[in-house]
Amino acid sequence: MAIVDRYQAYADDFEKSFVDDDWSRIGPYFTENAIYEGEPSAQGRAAVLAKLKNGVDRFDRRMDRRTIEFERPKADGNTVSVRWKGTYTKKGFPDLHISGKEFATFEGDQIARLRDEFDPQAQAAMGEWMAKHGSALQG
């Protein structure tokens, strides 16, 4: 299976995990020593899965609705990249529109390194939204 197809299968299963909270389904997509870059980073399959779940639990699930659109993933060597944009809605607050790019570096058919980059304007929008309305996500 081409890594673009493998990435797409991972992305599809990620969305299923978002719905039913079964994160074990995406475990096989990652190497045992996988790394999720970012602050803080996560190293090891279990830590990567925990970081993904924690991010969803602390942000996405606290919104009333989340709509994510993905462009077709592209491969360059052993790395797949995909542009995405999302709209997050919470009643009584302005919608949050963010966008960015995800990079997944593969070893064979498993992701060894995962990294997300917000577009600069999305990073600013996220910071402003959280500064003004982030307290609505507490609890």
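## Aromatic pairs and strand pairing

Searching the whole structure turns up eight aromatic pairs. Keep in mind that this is a predicted model. Two of the ring pairs get a closer look here, Y10 with F30 and W84 with F118. After that come the charges over F18 and the strands.

**Y10 and F30**

- The rings of Y10 and F30 meet edge-to-face, with 5.4 Å from centre to centre and 85° between the planes.
- This contact ties together distant parts of the chain: Y10 belongs to helix α1 (residues 3-20) and F30 to strand β1, 20 residues apart.
- Both Y10 and F30 are buried.
- Y10 and F30 also belong to a wider group, as ring pairs connect Y7, Y10, F14, W23, Y29 and F30 into a cluster.

**W84 and F118**

- W84 and F118 count as edge-to-face because their planes sit at 70°, above the 60-degree cut-off, and their ring centres are 5.9 Å apart.
- Here too, distant parts of the chain are linked, with W84 in strand β5, F118 in strand β7 and the two positions 34 residues apart in the numbering.
- W84 is buried, because its relative accessible area of 12% falls under the 20% limit.
- F118 has 37% relative accessibility, so it lands between the 20% and 50% limits and counts as partly exposed.

**Charges over F18**

- R66 puts its charged end over the F18 ring, 4.0 Å from the centre.
- R61 lies over the face of F18 as well, at 5.0 Å from the ring centre.

**How the strands line up**

- β1 (residues 30-36) and β7 (residues 110-118) run parallel and are joined by three bridges.
- F30, the partner of Y10 in the ring pair, stands opposite I111 in β7.
- β6 (residues 96-107) runs antiparallel to β7, with eight bridges between them.
- Along that β6–β7 pairing, K101 faces E117, while G100 has F118 as its bridge partner.
- β5 (residues 79-89) is also antiparallel to β6, and ten bridges join the two.
- K101 turns up again on this side, as the β6 bridge partner of R83.

**Hairpin turns**

- Two residues separate the strands in the β6–β7 hairpin, where G108 adopts a positive phi near 65°.
- The β5–β6 hairpin has six residues between its strands, and G92 in that turn shows a positive phi of about 90°.

Definitions and conventions
Residues numbered from 1 in each chain as written. Predicted model: local features only at pLDDT ≥ 70, side-chain atom pairs only at ≥ 80, totals over all residues. Heavy atoms only, no water. Pairing = 2+ DSSP bridges. Helix = DSSP H or I, 4+ residues; strand = E, 2+ residues; numbered from the N terminus. Phe/Tyr/Trp six-rings, centres within 6.5 Å; stacked < 30°, edge-to-face > 60°. Buried < 20%, exposed > 50% of the residue type's maximum accessible area, 1.4 Å probe, protein only. Lys NZ or Arg CZ within 6 Å of the ring centre and 35° of its normal.
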